[in-house]
Amino acid sequence: MSSKCCLFIDNDIRNRNVFSDAMEYISPTTFCFMASTASEALFMLLEERLVPSYIFVELNIPGMSGKEFLKEIKQHETLKDIAVIIHCTSPRPNEILELKELGAHAIYFRPYQFNGICNMLTLYFTDQMAGILPN
């Protein structure tokens, strides 16, 4: 059994549902927390003391952006080493460099499709055989 957990931050409920379904398929023993805003996620991390293995955050989320969120958590001793994966439709090249310099673990380009997310998640959660996706 895996003791991993992750946090997914996106204001679009469809993206949260697709991610949740993909996570359940790839790593059913990983618990996935969801937040619709970066502020909500910060509350979960700081006040509820959630320490996930990975955080997936939308770059252009309304309110506190993914970049602002990344800057904020890298300032906290208990959170600074958590791998943060930024997801977005099409960041500008200079944005990619800046996100890496700020400490982003990876940047995932989407549209949010089940198979693409499953492929991406197999890089981080290998509880199940990689490469076997439903038709």
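## Exercises on a predicted fold

At 23% relative accessibility, Lys67 counts as partly exposed; that term covers the range between buried (under 20% relative accessible area) and exposed (over 50%), with a 1.4 Å probe and protein chains only. We will meet Lys67 again in Exercise 1.

This is a predicted model, in which local features need pLDDT of at least 70 and side-chain atom pairs count only at pLDDT 80 or more, while totals for chains, interfaces and linings use all residues. Residues are numbered from 1 along each chain as its sequence is written, and side-chain values use heavy atoms, leaving out hydrogens and water.

**Exercise 1. Find which residue forms a salt bridge with Lys67, and where the two partners lie.**

Step 1. Start with the rule: a salt bridge is a side-chain nitrogen of Lys or Arg within 4 Å of a carboxyl oxygen of Asp or Glu. Side chains of opposite charge can pair when their charged atoms come close.

Step 2. Apply it to Lys67: its side chain meets that of Glu98 at 3.3 Å, N to O.

Step 3. Place the partners. Glu98 belongs to helix H4 (residues 93–102) and Lys67 to helix H3 (residues 66–73), so the pair links distant parts of the chain, 31 residues apart. Helices here are DSSP runs of H or I with at least four residues, strands are runs of E with at least two, and both are numbered from the N terminus.

Step 4. Check the surroundings of Glu98: with a relative accessible area of 29%, Glu98 is partly exposed.

Step 5. Complete the list. The count comes to 3 salt bridges. Asp12 pairs with Arg14, with the closest N and O atoms 2.8 Å apart, and Arg14 is exposed at 60%. Glu77 pairs with Lys80 at 3.3 Å; Glu77 is exposed at 60%, whereas Lys80 is partly exposed at 32%.

**Exercise 2. Work out the order of the strands in the sheet and which strands form its edges.**

Step 1. Two strands pair if DSSP finds at least two bridges between them.

Step 2. Follow the pairing across the open sheet of 5 strands: the order is E2-E1-E3-E4-E5, with parallel pairing.

Step 3. Look at the ends. Strand E2 (31–35) and strand E5 (106–109) are the edges, each pairing on one side only. From one strand to the next, the twist averages 20°.

Step 4. Zoom in on one pair: strand E1 (residues 5–9) and strand E3 (residues 54–58) run parallel, joined by 4 bridges. Within this pair, Cys6 has Tyr54 in E3 as its bridge partner.

Step 5. Add a helix. Helix H2 (residues 38–46) packs on the sheet and touches E1, E2 and E3, its direction making about 135° with that of E2. Axes are lines fitted to C-alpha atoms, for helices over the stretch in contact, and angles run from 0 to 180 degrees between N-to-C directions; contact means heavy atoms within 4.5 Å.

**Exercise 3. Identify which element gives the most residues to the largest nonpolar core.**

Step 1. A nonpolar core is a set of buried Ala, Val, Leu, Ile, Met, Phe, Trp, Tyr and Cys residues joined through side-chain atoms within 4.5 Å.

Step 2. The largest has 25 residues, and Leu7, Leu45 and Phe69 are among those with the most contacts inside it.

Step 3. Two or more residues come from each of E1, H2, E3, H3 and E4. H2 gives the most, with 5 residues.

Step 4. Take Phe69: leaving aside neighbours within four places in sequence, its contacts include Ile9, Leu45 and Ile55.
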